[in-house]
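Me: I'm in my first year and still learning to read protein models. Could you take me through one part of this one slowly?

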Amino acid sequence: MNTGLREIVFDTETTGLSPENGDRLVEIGAVELINHIPSGRSYHQYINPERGVPEEVVAVHGLTEEFLKDYPVFAEVAASFIEFVGDDGILVAHNASFDIKFINFELKKLGRAEYEWDRVIDTLEMARKKFPGAKNNLDALCKRFNIDNSHRTKHGALLDAELLADVYLELLGGAEPSMLPKQESDNNQQTGNGTFFAAERKLRPLRVFPPTPEEEAEHLDFLEHKLKNALWLSEPSTDDKKQM
């Protein structure tokens, strides 16, 4: 029995923006972290939305009505997703209000318990606090943290969940590579139609996050106008120059 912190980093794809207006889930992807370390367990499921998928949405995730029609409806896979999350799983998503809105809408239709917000972490909110004023979508954060997302040609729930797991760990301060276990493929677990999440992570170079010109300008404005006699703006003394 696991006694560590369980976090389920997940993503969804949908037919549109509003379940109240008839939009539905078409894909769920999730990966499990135990104490902030990838466990190797993942969940992946395509879902028949029982409706058409607008062309502009297909252009985003590539999932057509024809492709999805032979997959189960959400009611048939709800139990497997709930089981994967478990009673102790903390849900982690980027712009979590969007994904939770769709998940809870479907759960409510089935008379199942909805996920409460005290179980949800929004990485978009984390990123906005850490990098105010910067672009904080998934691609921008992957670029900022030197995470390879070159294979992300379209949105995909499982791939995006895997990338988001890397981003989330960086937002927490960065994963320590020596602490991450090498997972053998025969020890990995697979749920539903899922694919394996590679828990072995590559060593990355030292993370350097140079400020943008906008951030530098804001910092200078703060020093000049909101601090009195800011040390950083003063000329160094002769003795200080000798030590530089």
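The part I would like to look at is the largest pocket, followed by a few residues elsewhere in the chain. What lines the largest pocket, and which residues lie nearest its centre?

Reply: Happy to help! Keep in mind that this is a predicted model.

Let's begin with the whole protein, to give the pocket a setting. The protein has nine helices and six strands. Of its 244 residues, 44% count as buried. About 14400 Å² of the protein is exposed, and carbon and sulfur atoms supply 51% of that area. The chain also brings together residues from far along the sequence: among contacts between residues at least 6 apart, 69% join residues at least 24 apart.

Now to your pocket. The largest pocket has a volume of about 510 Å³. Its lining is made up of 21 residues, and those nearest the centre are Asp11, Thr12, Glu13, Phe98 and His155. Several elements contribute to this lining: strand β1 (6-14) and the helices α1 (55-61), α4 (96-109), α6 (138-144) and α7 (157-171) each supply at least two residues. Sorted by chemical character, the lining has six nonpolar, eight polar and seven charged residues.

Two of the elements that supply lining residues, β1 and α4, are good places to continue. Let's take α4 and pick out Ile103, which lies in this helix. Ile103 counts as buried because its relative accessibility is 1%, and the cut-off for buried is under 20%. Setting aside neighbours within four places in sequence, Ile103 is in contact with Phe10, Thr12, Leu25, Ile28, Phe81 and Tyr115. You may recognise Thr12 from the residues nearest the pocket centre. Ile28 is worth a second look too: Ile103 and Ile28 are 75 residues apart along the chain, yet their C-alpha atoms are separated by 9.4 Å.

Next, follow the chain out of β1. Thr15 sits in the loop between β1 and β2 (25-34). Is a loop residue like Thr15 buried or exposed? Thr15 is buried, because its relative accessible area is 1%. Not counting residues up to four places away in sequence, Thr15 touches Asp23, Arg24, Val26, Pro49, Arg51, Gly52, Val53, Pro54 and Val57. With Asp23 there is also a polar contact, side chain to side chain, at 3.0 Å.

For another long-range pairing, go to Ile90 in strand β4 (residues 90-93). Ile90 and Leu33 are 57 residues apart in sequence, while their C-alpha atoms are 9.6 Å apart in space. Leaving aside neighbours within four places, Ile90 is in contact with Leu5, Arg6, Glu7, Ile8, Arg119 and Ile121.

Finally, here is a detail of the backbone. Most residues other than glycine have a negative phi. Asn35 has a positive phi of about 50° although it is not a glycine, and His36 also has a positive value, near 70°. Asn35 is found in the loop between β2 and β3 (37-46), and His36 lies in the loop between β2 and β3 as well. Asn35 counts as partly exposed because its relative accessibility is 45%. His36 is partly exposed too, with a relative accessible area of 32%.

Methods:
Residues numbered from 1 in each chain as written. Predicted model: local features only at pLDDT ≥ 70, side-chain atom pairs only at ≥ 80, totals over all residues. Heavy atoms only, no water. 1 Å grid on protein atoms, 1.4 Å probe; cavity = no way out; pocket = protein on both sides within 12 Å on 5 of 7 lines; lining within 4 Å. Points joined across faces, edges and corners; volume = space filled by probe spheres on them. Helix = DSSP H or I, 4+ residues; strand = E, 2+ residues; numbered from the N terminus. Nonpolar A, V, L, I, M, F, W, Y, C, P; charged D, E, K, R; others polar. Buried < 20%, exposed > 50% of the residue type's maximum accessible area, 1.4 Å probe, protein only. Contact = heavy atoms within 4.5 Å. Areas by Shrake-Rupley, 256 points an atom, 1.4 Å probe, with all protein chains shown as cover. Polar contact = N/O pair within 3.5 Å; in protein donor to acceptor, adjacent residues only side chain to side chain.
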